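Let's take a friendly walk through a protein model, starting with its core and working outwards to some smaller details. Have the picture open as you read.

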Amino acid sequence: MKKLTLNDPETQSPDLVAENLAKLKALFPELITESKDGAAVNVDVLKQLVGDKTVTDADEKYGLNWHGKRAARQLALTPSTGTLRPCPEDSVDWDTTQNLMIEGDNLEVLKLLQKSYAGKVRMIYIDPPYNTGNDFIYPDDFTDNIKNYQMLTGQVDSDGRKISSNTEAGGRFHTEWLSMMLPRLKLARNLLRENGVCFISIDDGEVANLRRLCDEVFGEENFVATLVWQKVFSPKNTAKYFSEDHDYVLCYAKRKDVWRPQLLERSEEAVARYENPDNDPRGPWTSSDLTARNYYGDGQYTVTGPTGKTFGPGKGRYWRQNFAKFNELNDDGRVWWGESKGNMPRLKRFLSEVKEGVVPQTLLLHTTVGNTQEAKKELLEFADFEETENVLNSVKPTRLLRHLLKIGTNPVSNDIVLDFFAGSGSMAHAVFAQNHEDGGNRTFLLVQIPEPLPKEEKSVRTIADLTKSRMRNVAKGLKEKKDTEGEPETKQACDIGFRVFKLDSTNIKEWQPKRDDLPQTLLESIEHLKSDRTEQDILYELLLKLGLDLCVPIEKKEVGSQDTEGSHTLHSIGGGVLMACLSEKIGGEDVEALGTAIVEWHKALAPAGDTTCVFRDSAFADDVAKTNLAAILEQNGIANVRSL
């Protein structure tokens, strides 16, 4: 027997507003729109329906609009208050890898990457939440974005706040989904190279809205194609209307006028179609029709074959070439009359003269790029789940992603691939596998929010943990394969490592005055950097603020004996583009030796551009020490000296 509560509809009086809205929607579907509080009446449309003359054509605008769009657009412009903290202990091959895995809300991470990676990404692939109910947990209150993010991901006390920002009651509203996607796509587009491309997986539920949204973000003129992926290969007889066998992959270029897809390698079956029955010295060939249905004024004539038999193009058809061009092709041995010399003529197309590959097609069959069943098998092979409920259902097969990598990247151009809805790490898996196959040097940049798994496990608590676990297992498998089978000499060593960073609040202290103890507040504010942060934490925040790559080489050098107070560690980043000394104490007696060491190292490195040199502001014994050190550096060509 069901227990009734005060919230049950059975115990409440009729909702007259909801009933009225339902009646209006039945009569005039276009009248009802979405609002933050649920369904609402579009007053402008109502005026039009009742013939109100105050509504004019000037008020009508073409485009995709929703409640909250202005705020969503503003989110992309709001600076992040966070930083990325390095986690070498979670990484693989930290010192050598160029691959990145970042844990955190992708909106904040994309903001932080704007300086370092603007115009550097060759290909973006994302598999965002499909807005099917309660499948995404991205923050929707950005008054204090980092604090809100930490609360949603369980890093701080939630005070009873729900994990999901997309509940069953509100999750199916397009508005929340669109407000989540818009700022992320705008920021992601900034990271694309001029010849870059973006692929987005989506289903029928949001494909129409996503097209309009991407038309706005990328420009309608940069739409390339909608790919149709056959995700399942057997019908679902339990379907109410149709068995949904496909998803979509939208393709937009940063600039369609300069982007071109990479040609795909011909299959053995395709190459086998080229033969050489007449021993033509130009090699294997295949034949194609010399006629077409399209009207061509010079395409109506009769030709005579080697046996004297005459041929016309046929009823309702036309020769593709004029008579003079046909004779030119025939004289060059490019017309095939059949082995008997009496067949309808066909054009010989030589394998040596066609494009080096095959133009990609929009239909992606499961036999070519895999299906959902294959994707789940891959996931289970490389991820050890203790609980069945934690197995993700929306993973993509690596064959699909590798297919897109072949289209969107050049294997030997150090192309960066960005996936900011990384999930289980399928894209990292695909990059590892494709590089291993073709000797490529693609690198990836993954972002995944540490969303808790439905059921707690011992080693894997969040989806971000799952991402890292899968990458480690894939890398381990490829290493074992290499050790067993070896690699051809033509292939370079495949980078199967990754650096892990985690989104956190800035390393710099915020000004938080204590009204009842202002002197103590002033004393505490002398040190601008948080006491629980390492030199490495601070260095990588500097990289982000100065626009340097997170995988840029960092060298260290010690000045003075480490056993004395005059010992200092110098850091050179990017071959001397950034030099830093983050010692906590720099006395007046240390200035000359420290300055000389920096200058000599700077000269030895000989960086191509200007150098920035950074110190802790609180480290200097007094202003004289700070001024003297800055003077030594400026006199030797290092004019950009800063303190934190």
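## Inside the core

Keep in mind that this is a predicted model. The largest nonpolar core has 66 residues, and the members that touch the most others are L84, L113 and L550. Helix α7 supplies the largest share of this core, with 9 residues. Apart from that core lies another one, made of 40 residues, including C87, L401, F444 and A475. There's a general pattern behind this kind of grouping: in soluble globular proteins, nonpolar side chains tend to be buried together.

Want to zoom in on one of those busy residues? Leaving out residues up to four places away in sequence, L84 touches I102, V109, L112, L113, F501, K502, L503, Y540, L544 and L550. Two names on that list, L113 and L550, should look familiar, as they join L84 among the residues touching the most other core members.

## Helix α7

Now back to the helix. How far apart are the end C-alpha atoms of α7? They are 26 Å apart, and this agrees with the span you'd expect at 1.5 Å a residue for the 18 residues from 174 to 191, which is also 26 Å. Of those 18 residues, 13 are buried, so α7 is largely enclosed by the rest of the structure.

## A little sheet

Next up is an open sheet of 3 strands, with antiparallel pairing and the order β9-β15-β14. At the edges stand β9 (285-289) and β14 (335-336); each has a single partner strand, so one side of each is left without a neighbour in the sheet. Strand β15 (residues 346-350) runs antiparallel to β9, and 5 bridges join the two. One of the residues to look for is D289, whose bridge partner in β15 is R346.

## Rings and charges

The whole structure holds 16 aromatic pairs. In one of them, W319 and F326 are tilted, with 55° between the planes and 5.6 Å from centre to centre. Are these two residues buried or exposed? Both W319 and F326 are buried. They also belong to one aromatic cluster, together with Y301, F311, F323 and W337.

Some rings have a charged residue over the face, as you can see here:

| Charged residue | Ring | Distance from the ring centre |
|---|---|---|
| K120 | Y117 | 5.9 Å |
| R211 | F223 | 3.7 Å |

So much for the tour: try finding K120 over Y117 and R211 over F223 in the picture yourself.

Definitions and conventions
Residues numbered from 1 in each chain as written. Predicted model: local features only at pLDDT ≥ 70, side-chain atom pairs only at ≥ 80, totals over all residues. Heavy atoms only, no water. Helix = DSSP H or I, 4+ residues; strand = E, 2+ residues; numbered from the N terminus. Expected span 1.5 Å × (residues − 1). Buried < 20%, exposed > 50% of the residue type's maximum accessible area, 1.4 Å probe, protein only. Pairing = 2+ DSSP bridges. Phe/Tyr/Trp six-rings, centres within 6.5 Å; stacked < 30°, edge-to-face > 60°. Lys NZ or Arg CZ within 6 Å of the ring centre and 35° of its normal. Core = buried A, V, L, I, M, F, W, Y, C linked by side-chain atoms within 4.5 Å. Contact = heavy atoms within 4.5 Å.
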